[in-house]
Amino acid sequence: MNAPQSQSSLGNSQLDTTLGALRGGLPSAAGIAGENITGWIKTLQGNAPLADIAAELQSLHQALRSGTADAATLAQHLSSLGELTTQAADSATADAQDKLRELGNVLSTAAGQLRG
């Protein structure tokens, strides 16, 4: 297996894990959020076209770790990630496009739930 396929497989596995967690709503995703976010940051490191997503994930991770982030702050991060993820779907591999669009929608929905 060559490196791009390996990276693609890893990314698809992460997409499946993230979508599975978020489909159950924010409370079910909370338990794996830190580990999941850290994994995505590592996966996206060095990928210039996705640098905005990596930076937003890093900001979200820091907000969660601070323990002082309010719902509005978290909603803003999730909303931004939703938009960036949906945009990234346009240039993704065919096998990841639908999952990325779904993830973008789920993140945006989660942001809306936090806003109330």
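Colleague: In which helix is A111 found?
Modeller: This is a predicted model, in which local features need pLDDT of at least 70 and side-chain atom pairs count only at pLDDT 80 or more, while totals for chains, interfaces and linings use all residues. Residues are numbered from 1 along each chain as its sequence is written, and side-chain values use heavy atoms, with hydrogens and water left out. Helices here are DSSP runs of H or I, at least four residues long, numbered from the N terminus. By that rule, A111 belongs to helix α6.

Colleague: Is A111 buried or exposed?
Modeller: A residue is buried under 20% relative accessible area, exposed over 50% and partly exposed in between, using a 1.4 Å probe on protein chains only. Because the relative accessible area of A111 is 0%, this residue is buried.

Colleague: Which residues is A111 in contact with, leaving aside its neighbours within four places in sequence?
Modeller: Contact means heavy atoms within 4.5 Å. With those neighbours set aside, the partners of A111 are A75, L78 and S79.

Colleague: How far apart in space are the C-alpha atoms of A111 and D95?
Modeller: Along the chain, A111 and D95 are 16 residues apart. The separation of their C-alpha atoms is 26 Å.

Colleague: What is the relative accessible area of L78, a residue of α5?
Modeller: L78, placed in helix α5, touches L26, L60, L107, S108, A110, A111 and L114, not counting residues up to four places away in sequence. L78 is classed as buried because its relative accessible area is 9%.

Colleague: Which residues does T85 touch, not counting those up to four places away in sequence?
Modeller: T85 also has its place in helix α5. Its relative accessible area is 5%, so T85 is buried. The residues that T85 touches are I53, L100, L103, G104 and L107.

Colleague: Which two residues touch the most other members of the largest nonpolar core?
Modeller: A nonpolar core is a set of buried Ala, Val, Leu, Ile, Met, Phe, Trp, Tyr and Cys residues joined through side-chain atoms within 4.5 Å. The largest such core holds 28 residues, and the two that touch the most other members are I53 and L57.

Colleague: Which helices each supply at least two residues of this core?
Modeller: The 28 residues of the core include I53 and L57. The helices that each supply at least two of its residues are α1 (3–23), α3 (33–44), α4 (51–66), α5 (71–89) and α6 (94–115).

Colleague: Which helices do the buried residues of α4 pack against?
Modeller: In α4, the buried residues are I53, A54, E56, L57, L60, H61 and A63. One of them, I53, is in contact with L44, L81, L84, T85 and A88, leaving aside neighbours within four places in sequence. The buried residues of α4 pack against α3 and α5.

Colleague: How far apart are the end C-alpha atoms of α4?
Modeller: The expected span of a helix is 1.5 Å times one less than its number of residues. The 16 residues of α4 should therefore span 22 Å, and this agrees with the distance between its end C-alpha atoms, 23 Å.

Colleague: What phi does G116 take, just after α6?
Modeller: α6 has 22 residues and reaches 33 Å from its first C-alpha to its last, close to the expected 32 Å. Just after α4, G67 takes a positive phi of about 75°. Just after α6, G116 takes a positive phi of about 85°.
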